[in-house]
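Got a minute to walk through a model together? Have the sequence and the 3D view open, and we'll go through it piece by piece.

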Amino acid sequence: MTVRIGVIGTGMIGQDHIRRLTHVITGTEVTAVCDLDTARAEEVAASVGARALPTGGAVIDAADVDAVVVTSWGPTHAEHVLAAIAAGKPVFCEKPLATTAEDCLKIVSAETAHGSRLVQVGFMRRYDAGYREMRQVITSGAIGAPLMVHCAHRNATVPESYTSAMAAQDTAVHEIDVLRWLLDDEIRTVQVLRPRRTSKRYAHLQDPQIMLFETAEGVRIDLEVFVNCQYGYDIQCETVGEEGLVRLPDPAGVAVRSAGRHSTAVLQDWKGRFENAFDTEFREWAETVAAGTEPTGPSAWDGYAATVITDALVQALESGEIVHVDALKERPAFYGGASR
Ligand code: NAD
Ligand code: ISE
């Protein structure tokens with residue numbers, strides 16, 4: 001069976017996912033798209049033999065759309081996800097699930113009322129081979145109980161529109177999701193330290209930031225977010241346990257010996273770093289849609305938890321205090337199971 005997909009938002013990542021669903025994943029085709037920029041939607045639709053429709057609602061309701069991918073701007077995600085649930089169609093939503101915890105909870109309620117999972121959130125790191133192996137090592141007990149995690153999330157540069165709060169909302173949100181999943185634990189407190197600011201940034205921005213987390217089990221996590229590091233896109237993660245440690249590998253690259261140096265290139269953006277993860281994410285999602293089963297990736301509950309924790313980080317950045325993530329509700333049985 002070919003899964004027919006409608007895509008809402010044909011910007012940067014929307015186009016990348018449309019390419020993936022058309023040329024990389026077998027058993028999927030994009031049949032309808034839309035964008036506020038109708039000329040862009042027409043152009044993208046024509047490139048893959050799809051139809052450009054006027055609104056997200058029209059894409060969701062189209063008879064030749066079995067499942068929906070939401071890649072529009074974050075503040076518009078909730079309305080599209082809620083409409084897809086109302087139509088009873090599986091929906092893959094790029095992060096964030098919604099920009100407010102209240103909207104995330106509306107989605108959780110609608111999905112719970114529907115009676116089975118329809119929503120998957122685009123936290124693609126759970127599909128990265130390195131993170132998956134790290135999780136296996138942790139769950140196997142090979143390094144003993146995890147005690148500490150050291151992480152870094154560095155981007156070469158960000159545009160002027162990037163704000164200090166986005167270090168949590170747009171960037172650290174990936175670590176928040178993947179760490180909850182890696183440790184099978186919940187984040188209970190957050191704090192943000194403000195190091196000396198790099199001069200290579202727009203004046204309004206606090207960059208870098210050091211984020212500190214404590215989990216329910218007492219694991220301490222430090223995360224450096226540095227989005228104008230200049231040298232490339234660099235993701236680091238090391239989990240230290242009672243009997244050993246496990247560290248993410250650097251992406252493979254040839255070693256060059258030249259002009260008296262031995263070097264390996266550093267990737268420049270997240271697209272290259274997580275390309276295989278995005279492919280696996282969509283392959284596994286499409287398989288569940290084709291089989292008519294529930295998605296197995298990050299749930300609406302994970303999307304909700306990530307938004308509550310990023311809200312706490314923004315509060316911690318502003319106050320300089322340790323913030324307790326008290327707003328996070330207990331995970332309902334509907335979203336229960338072994339993994340978060
Ligand atoms: P973008 O601005 O390049 O594209 C978004 C597109 O959505 C634009 O073309 C815009 O016109 C369209 N749009 C906005 N509201 C719409 C609506 N109501 N209906 C139809 N179209 C609408 O942005 P982007 O970089 O592609 O990011 C899109 C989403 O993907 C964001 O939520 C972002 O956080 C997420 N994202 C995720 C990752 C990742 O690593 N998983 C990476 C980049 C972006
Ligand atoms: C971007 O939106 C992403 O999602 C990338 O994965 C992340 O590394 C980057 O910092 C964000 O701006």
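A quick word on terms: the domain bounds used here come from an automatic or database domain assignment. Keep in mind, too, that this is a predicted model.

**Two domains**

The assignment splits the protein chain into domain 1 (3-123 + 276-299) and domain 2 (126-269 + 303-335). Their C-alpha centres lie 26 Å apart. Where the two domains touch, domain 1 puts in 19 residues and domain 2 puts in 18 residues. On the domain 1 side, helix H5 (101-114) and H9 are the elements that give two or more residues, and H5 gives the most, with five. That side of domain 1 divides into 11 nonpolar, six polar and two charged residues.

There's also a record to set beside this: an unreviewed UniProt entry annotates residues 136-323 as "domain: Gfo/Idh/MocA-like oxidoreductase C-terminal". Over that stretch the chain is 34% helix and 26% strand, with the end C-alpha atoms 31 Å apart.

**The six-stranded sheet**

Now look for an open sheet of six strands, paired in parallel and running in the order S3-S2-S1-S4-S5-S6. Why do strand S3 (51-52) and strand S6 (119-121) each have one side without a neighbour in the sheet? They stand at the edges and have a single partner strand each, so there is nothing in the sheet on the other side.

Further in, strand S4 (residues 67-70) pairs with strand S5 (residues 91-93) in the parallel sense, over three bridges. Val70 has Cys93 in S5 as its bridge partner. Helix H9 (residues 275-291) packs on this sheet, touching strand S1 (3-8), strand S2 (28-34), S4, S5 and S6. The direction of H9 makes about 125° with that of S1.

**Around the ligands**

What surrounds ligand 1? Its shell has 24 residues, and the closest are Gly9, Gly11, Met12, Ser72 and Glu94. Ligand 2 is surrounded by Asn155, Asp170, Thr171, His174 and Trp270. Here's how each shell is made up:

| Ligand | Top contributor | Residues from it | Classes in the shell |
|---|---|---|---|
| Ligand 1 | Helix H1 (residues 12-24) | three residues | eight nonpolar, 10 polar, six charged residues |
| Ligand 2 | Helix H7 (residues 166-183) | three residues | one nonpolar, three polar, one charged residue |

Key: Residues are numbered from 1 along each chain as its sequence is written. Chains are lettered from A and ligands numbered from 1 in the order in which they are written. This is a predicted model: local features need pLDDT of at least 70, side-chain atom pairs count only at pLDDT 80 or more; totals for chains, interfaces and linings use all residues. A residue is near a molecule or strand if its C-beta atom, placed from the backbone, lies within 6 Å of it. Helices (H or I, at least four residues) and strands (E, at least two) are DSSP runs, numbered from the N terminus. Ala, Val, Leu, Ile, Met, Phe, Trp, Tyr, Cys and Pro count as nonpolar, Asp, Glu, Lys and Arg as charged, and the others, Gly among them, as polar. UniProt positions are given in the numbering used here, feature names are shortened, and annotations may be inferred rather than shown by experiment. Two strands pair if DSSP finds at least two bridges between them. Two residues are in contact if their C-beta atoms, placed from the backbone, lie within 7 Å. Axes are lines fitted to C-alpha atoms, for helices over the stretch in contact, and angles run from 0 to 180 degrees between N-to-C directions.
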